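User: I'd like to learn how to read a model like this one. Can we go through it feature by feature?

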Amino acid sequence: MTHSVSRRDFLARTGLIGCSLAASPLLTPVSFAAAPWDTRFVVIILRGGMDGLDVVRPYGDPAFRALRGTMSPGPEGGALDLDGYFALHPTLAPLMPMWEAEQLSFVHAVSTPYRDKRSHFDGQDLLEAGTESMAGVRDGWLNRMLQVVPGVTSQTAFALGRNDMRLVQGAAEVANWTPQAELDLSPQAVRLLELVTESDPAFHAALSEAQILSSVEANDDERLKGEHMEIAKFAAARLSEDARIAAFSLNGWDTHAGQERYIETALARLADTLITLRGKMRGNTWSKTAVIAMTEFGRTARQNGTRGTDHGTGGLMILAGGAIKGGRVFGQWPGLGEGDLYLDRDLMPTRDVRAHAAWVMRGLTGLDRGVLESAVFPGLEMGDDPGLLL
Amino acid sequence: MRDFDPQLAEIRFGYGLSPEYAAPTDINTMLSGLTGPDLMAETYPIQDFTAFRARMVEIREQRDIRKKNRGTSLAAAARKRRNEINKEARVDMAVWVGKTMLRRAHTETAFRERIVSFWADHFTAVGKRGVVRRGTSPYIEEAIRPFITGSFDELLVEAVTHPLMVDYLDQRLSTGPNSVRAERAGNNRKIGLNENLAREVLELHTLGVDGPYTQTDVTELAELLTGLTFDERNGMKFQKNLAEPGSETVLGVTYSEAANLKTVRTALEDLAHHPATARHIATKLAIHFGSDRPDPDLIDTIERAFVENRGALLPVYEALLTHPSVWDAELSNVKPPVDFMSSALRALAVPPAAFEGRTEQFMRGLFQRPLFNMGQRWETPNGPDGWPEEDLEWITPQGIALRVSWAMSAPGRLIDPLPDPRDFVDHALGRFATKPVRFAAAAAETRPEAIGLVLMSPAFQRR
């Protein structure tokens, strides 16, 4: 299979970025071979610290009720029973068919190596960098994965949305785009824009990429409500074609106060996103897809004084797609009783969330375990295969 | 070149060149511009938060009427009035967007506007729900703008104890676990400690995330802050029955058992004077006004000025402006979208009349919506850490595409006729105009495209 390569990629490979206008045939297509695998990988960063204990509620744990007081009731309060021990937040009811079709699962009590300072920003940086510490790290783990695979082009991976993500930053080419941006210019204006930005490689490259991406049609005129839906639709369209990887983020998980109300909005967005991804993928793309959603940390096991929860440690990872082993809650449950909590405060993480991400990538791309443990997640011990994929 | 340069002063420390207003002639002029009469605030007034609060009071009154008269026409009238108040605030907010832009376009002391913007970002606060979501400009007007030339500890106290910050970082209902209120509530779990404000004070406002604090310091400071709250009618207040009894120890300093505003203030002042705070603020200033990777000596120099002057801000700004590295002639930092638009209006000399009688929809279409899509929703950063400083956060394909669209369409909606593009190159870029930009300005097919091309040139996008 062949398809169009972006001009930026073409220029990068032929060393033309920043060279003269005459040498840049802006819309001349160039062909190249597709990425060396056929599976699809979607990474969603849940920014703000999702309360995993509210989303997948361990109602079977005898200590849970006392910690939560008024919040997070089990099935008796409307939560959707998953397996007799865990129950799903009722706002995720639209995902129950996905759970029943074994295309949705969860991993509980996971975290990055980040501990104790509980800063969103550091927590997110570390989650996206995929390292033990931030010292000297400038790129993200998804980008490092692309760096070790030959034949990756900027159309293989997309970062979507209004904010660039650290996850995909680095030496490998990744296209960034938001469906709201479109560039509709006369050919003369395009030529002159090239000219005025020529002296500035960063601007020049971004502009060229915008020009290419602007011409990408999502091939679907239906207007969806909300930016997250537009992004999911765009991602589904790209993944149905050449793209193999997409990454974006969903915000709104920092529920210090009035959590019942705020987390509903965030969860509804997450459900809409997953349903749109599945619904808008063409052919059998969904069956080859694994989506993972990760957050920078969990939240306090105890409900706080303002009907919310504060920054914690152990959290929840969400998996969806036709390529995953769905319908189960993975992870080693640490318990919530006396002495079980991390620092008597947070859900104790029992496994590094990066190990799960690494096993998913290994299953999807066949990448070597050694490469995953050194280049992608340096210093990680992947441990035993948790069996997250079919 | 490593000397003061008027054009560079306008570009790097202001909102770019203006065809109407002369650039500052020296560093002293820039500094004295910070302390003179606040002409821009007088000419383009924005409501302060104390006045804004009347809207919150009225909303509460209408809610009480609604509750007491459910199902009656009184309740319906109250709902209608509430919606009107919300709409008025939304419309006023669009007006304040215009006023903020006009201040930046028409000031002769642009460094002042940049400094206000720097601290407004450092102390990011956004109302959580209801009408207070429109209160950020009023907060900046009240808690930031008047305090930019005093000392950092004064600014810190004003911002952190301000009702909008208290609302934003969930301090309003934070209750000491052993407070009178908690004791009275018994096992009712609806009340208790919230450590959000305490954490962000340490992590963002003072020491910085690499600072020498622990979770225990966060919790202790959160307990110390209990009692700090506000009400709509009177603004900031200290409510003793929320306060955790006993003394708290933050970074090894044990504070008075007296639960009152004075203890809060003392703790904040100590944090303001902590050496880690000096380093944190110096680094932020150096990056914001210098470049993503500032000269280490610039940071050291600002830090020293901060420490030696116990956080007095004028000497800190002077240290920034007098350091040779900030006069490097190569333009570096990319203007974030809001600053890009502000400087475009300045270069185009958009008159105040351009905004008179405009609808809210017009202003939203011109500013708020494009800003939202460019990733800089008006006065609403993603979190309390404010907007990113890294250039690459802003030079994205989508961001650049949206800038191009705005640059080629917005000027024509604001001034008619547009200036001659060949003159505009000089007005907008001064001695930073390059040959390709001059060529493009003359060769474009239409005047709006030509203006847009100048605005999209790297010499205009960077500072």
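Analyst: Sure, let's begin with one residue pair: Ser105(A) stands opposite Leu319(A), which is in strand S12 of chain A. Before we go on, this is a predicted model, so local features need pLDDT of at least 70 and side-chain atom pairs count only at pLDDT 80 or more, while totals for chains, interfaces and linings use all residues. Residues are numbered from 1 along each chain as its sequence is written, chains are lettered from A and ligands numbered from 1 in the order in which they are written, and side-chain values use heavy atoms, with hydrogens and water left out.

User: How should I read strand pairing, and how many bridges join S7(A) to S12(A)?

Analyst: Helices (H or I, at least four residues) and strands (E, at least two) are DSSP runs, numbered from the N terminus. Two strands pair if DSSP finds at least two bridges between them. Here S7(A), residues 104-111, runs antiparallel to S12(A), residues 315-320, and six bridges join them.

User: Which strands pair with S7(A) in the parallel sense?

Analyst: One of them is S13(A), residues 329-330, with two bridges. There, Val107(A) has Phe330(A) as its bridge partner. S14(A), residues 351-352, also runs parallel to S7(A) and is joined to it by two bridges. In that pairing, Ser111(A) is matched with Asp352(A).

User: And how many residues of S7(A) are buried?

Analyst: Let's fix the word first. Buried means under 20% relative accessible area, exposed over 50%, and partly exposed in between (1.4 Å probe, protein chains only). As a general idea, side chains in a regular strand alternate between the two faces of the sheet. In S7(A), eight of its eight residues are buried. Across the 390 residues of chain A, 62% count as buried.

User: What about the smaller pieces: in which order do S4, S5 and S6 of chain A line up?

Analyst: They make an open, antiparallel sheet of three strands, ordered S4-S6-S5. S4(A) (56-57) and S5(A) (80-81) are the edge strands with a single partner each, so one side of each has no neighbour in the sheet. Look at S5(A) and S6(A), residues 87-88: they pair antiparallel over two bridges. Leu80(A) faces Leu88(A) of S6(A) there. For the overall count, chain A has 12 helices and 14 strands.

User: Next up, salt bridges. How many are there over all chains?

Analyst: The rule is a side-chain nitrogen of Lys or Arg within 4 Å of a carboxyl oxygen of Asp or Glu. By that rule the count over all chains is 44. Take Arg103(B) and Glu141(B), whose closest N and O atoms are 2.8 Å apart. Arg103(B) is in helix H5 of chain B (residues 73-106) and Glu141(B) in helix H7 of chain B (residues 136-144), so the pair ties together parts 38 residues apart in sequence. Arg103(B) is buried at 3% relative accessibility, and Glu141(B) is buried too, at 13%.

User: Where does the Arg40(A) pair stand: is Asp38(A) buried or partly exposed?

Analyst: Arg40(A) and Asp38(A) form a salt bridge at 3.2 Å between the closest N and O atoms. Arg40(A) is buried at 3%, whereas Asp38(A) is partly exposed at 39%. In chain B, Lys237(B) and Asp231(B) come to 3.3 Å; there Lys237(B) is partly exposed at 28% and Asp231(B) is buried at 17%.

User: Last topic, the interface. How many residues of each chain are in contact?

Analyst: Contact means heavy atoms within 4.5 Å. By that cut-off, 54 residues of chain A touch 56 of chain B. The size of an interface is often given as the accessible area lost when the parts come together. Buried area is just that loss (1.4 Å probe), summed over both parts. Chains A and B bury about 4,600 Å² between them, with 58% of it on carbon and sulfur atoms.

User: Which side chains meet in a salt bridge across it?

Analyst: The rule finds two salt bridges between the chains. Among them is Asp200(A) with Arg462(B), at 2.6 Å from N to O. Elements of chain A that each supply at least two residues to the side touching chain B include helix H5 (120-129), helix H8 (201-214) and helix H10 (259-280).

Note on methods: Buried area = accessible area lost by both parts, 1.4 Å probe.
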